[in-house]
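Visitor: I should like to go through this structure with you, beginning with its aromatic rings and then its backbone.

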Amino acid sequence: MADDRQSGSEEQPPDGSALLRSRDDGQLHFLPGTEASAFPVTAPENATPLEEDEPEGTVPPSPLWAMKERRHEQLLHFFGHPERVRARIGSGDGTVYAIDDGGHHRMIGRPVGATTDGCVYSLIGRVPRSVYEDLASGTIDGREAFRSASDLALSGTVEEPGVSNVFDVDFYRSGEDVPAEYLPPSPFLTFEEDLPTADR
């Protein structure tokens, strides 16, 4: 039996619009009737913003959204997610947040500042599980954990109803390249204007 699906084609729906369109919640979805043109992916009925599926309420939106956006592994498990981590470590300006990133790494992050119109900037990094465990036990502090991190970035988040808006501001080759005022326990900063976004 012939299969009329054309995987990878540039076929357009009859009205000439694109196969993918942005939802109000910031996610992409397929237009009705175009799913077959993009096989094997199917159209989600309700795309999930980064803010959802957080029953613990442990990590604030920024840096949570940025960590979820930048983590490498988000594997699904038949019996839940055995490596799920949502942690707040430390207090005050020394607070560092962490989430899972597969079985061998963790994402860490901290809010570093905000603009007066509500854009919050967070420092995000990826550390080996052993570094996270040292941080959680108090063997090292947040500054040292970030100095040991890879995939370091400054990300911006804007909270809007139903939208998980995350964008990249800057990237750092190593912890030594991160401005000292972005590392814990530096105080939360107020930026007079939006920081320029990063060019990939």
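The questions below concern a predicted model.

Visitor: How many aromatic pairs does the structure hold?
Guide: One pair is formed by Tyr121 and Phe167. Tyr121 also pairs with Phe191. These ring pairs link Tyr121, Phe167 and Phe191 into a cluster. The number of aromatic pairs in the structure is two.

Visitor: Are the rings of Tyr121 and Phe191 stacked or edge-to-face?
Guide: The ring centres of Tyr121 and Phe191 are 5.3 Å apart, and the planes stand at 80 degrees. An angle over 60 degrees counts as edge-to-face. The pair of Tyr121 and Phe191 is therefore edge-to-face.

Visitor: How many residues apart are Tyr121 and Phe167?
Guide: Their rings lie 6.4 Å centre to centre, with 90 degrees between the planes. Tyr121 belongs to strand β6 and Phe167 to strand β8, so that the pair links distant parts of the chain. Their separation along the chain is 46 residues.

Visitor: Is Tyr121 buried or exposed?
Guide: The relative accessibility of Tyr121 is 0%. Because buried means under 20%, this value settles the matter. Tyr121 counts as buried.

Visitor: Which peptide bond is cis?
Guide: The bond in question has an omega near 5 degrees. Pro185, one of its two residues, is found in the loop between β8 and β9. The cis bond runs from Pro184 to Pro185.

Visitor: What is the phi of Asp151?
Guide: Asp151 lies in strand β7 and, at 35% relative accessibility, counts as partly exposed. Although Asp151 is not a glycine, its phi is positive, at about 50 degrees.

Key: Residues numbered from 1 in each chain as written. Predicted model: local features only at pLDDT ≥ 70, side-chain atom pairs only at ≥ 80, totals over all residues. Heavy atoms only, no water. Phe/Tyr/Trp six-rings, centres within 6.5 Å; stacked < 30°, edge-to-face > 60°. Helix = DSSP H or I, 4+ residues; strand = E, 2+ residues; numbered from the N terminus. Buried < 20%, exposed > 50% of the residue type's maximum accessible area, 1.4 Å probe, protein only.
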